[in-house]
Structures are given as C-alpha cells and as structure tokens.
Amino acid sequence: MFRSLVLCGGLQKQSIVRCADNTGIIKGCIIGLGRIHWGTGGVGHRIRISIRDKTSQCKLSNEPGQLPKGLIIRRRKETGRKDGHYIKFDENAFVVIAKNKPKGTKIKGPMIMETKHNSLNLARYVF
C-alpha cells in the first residue's frame, strides 16, 4: 500500500554543488533532476541549477526562462564501475551546459570517464 523511500546518498533536489568550470558560477542549488523526477542524481546526469553564488563577470542569471542546465561530473557518494572499482571525490561538482555543449572553456579538477557517455562534447576533457 505504501512505498518506502530508500535514500541512496546521492545528489537530491536542494543539494548545494560547486561549479567546476570558468563560467563565473561558484555555487548552485539543484532544482531539477533532468529526466529523473524523484530519487538521486549520479555522475553524468543532467540537472537544472539555481545560482547561489557567482562572480561579477558571470553573465548567467536566475530569471525563470534563463535557469542554466548542468551535468554532474563529481560526487561524494561512491560510483561503482563494471570492473568492480569504486570512485568517490571530496566534493560535488557540475559543469554548465547548453545544447549539450559546455559553456565554459576550462574544467577545474578531475572528471570521471562515465561522463563522456552522456555528453560527447565533454569527451575531449576526459583523459
């Protein structure tokens, strides 16, 4: 009758994440999880961001039609691979995208291989 919700420890709505590119956004809050309407977001999932902190050079805004989209590239919760390894990072981070291309020109920090399957335009940043 009632479904129990088991939290997996990933990124949920209202999670504060750090921006990992040079668009000028410092921190953002997740307000939408792409194609997932409930649950948690993992590495490579698309998200909708509300800007919480930005530099003076940032041209993006929080107007209703202008909310930026992002792609999760790092998270604290471990991510399992098919070969049995687990990868986890010290912080949660995202990259701002528009039309499946990154808006920034540089990505700060490491990026996991699984993100290139979700956005082929980010594949050049993966080593």
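**Entry 1: cysteines**

I looked up Cys-29 first. At 1% relative accessibility, Cys-29 counts as buried. I keep in mind that this is a predicted model. Cys-19 is buried as well, at 7% relative accessibility.

Next I asked how many disulfides a search of the whole structure finds. The search finds zero. Cys-19 is in no disulfide, and the nearest cysteine sulfur is that of Cys-58, 8.4 Å away. A disulfide needs the two sulfur atoms within 2.5 Å, so I do not pair Cys-19 with Cys-58.

**Entry 2: Ser-50**

I found Ser-50 in strand β3. Is Ser-50 buried or exposed? Its relative accessible area is 14%, so I put Ser-50 down as buried. I then listed its contacts, leaving aside neighbours within four places in sequence. Ser-50 is in contact with Gly-28, Cys-29, Ile-31, Asn-62 and Leu-67. Cys-29, from my opening entry, is buried at 1%.

**Entry 3: the largest pocket**

I stayed with strand β3, which spans residues 46–54. This strand gives the most to the lining of the largest pocket, with three residues. The pocket holds about 170 Å³ of space. I counted 11 lining residues. Which of them lie nearest the centre? I noted Leu-33, Gly-34, Arg-35, Arg-46 and Ile-47. By type, the lining divides into three nonpolar, four polar and four charged residues.

**Entry 4: salt bridges**

A search of the whole structure gave me four salt bridges. I followed Arg-18 to Glu-91, whose side chains meet in a salt bridge at 3.4 Å, N to O. Arg-18 lies in strand β1 (residues 16–19) and Glu-91 in the loop between β6 (86–87) and β7 (93–98), so the pair ties together parts that are 73 residues apart in sequence. I checked accessibility too. Arg-18 is partly exposed at 40%, and Glu-91 is partly exposed at 26%.

Glu-91 also forms a salt bridge with Arg-74, where the closest N and O atoms are 3.1 Å apart. Here Glu-91 in its loop links to Arg-74 in strand β4 (residues 69–74), 17 residues apart. Is Arg-74 buried or exposed? I find Arg-74 buried, at 4% relative accessibility.

I then turned to Glu-78 and Lys-77, whose side chains meet in a salt bridge at 3.3 Å, N to O. Glu-78 is partly exposed at 32%. Lys-77 is partly exposed at 29%. My last note is on shared partners: salt bridges join Arg-18, Arg-74 and Glu-91 into one network.

Terms used: Residues numbered from 1 in each chain as written. Predicted model: local features only at pLDDT ≥ 70, side-chain atom pairs only at ≥ 80, totals over all residues. Heavy atoms only, no water. 1 Å grid on protein atoms, 1.4 Å probe; cavity = no way out; pocket = protein on both sides within 12 Å on 5 of 7 lines; lining within 4 Å. Points joined across faces, edges and corners; volume = space filled by probe spheres on them. Helix = DSSP H or I, 4+ residues; strand = E, 2+ residues; numbered from the N terminus. Nonpolar A, V, L, I, M, F, W, Y, C, P; charged D, E, K, R; others polar. Buried < 20%, exposed > 50% of the residue type's maximum accessible area, 1.4 Å probe, protein only. Contact = heavy atoms within 4.5 Å.
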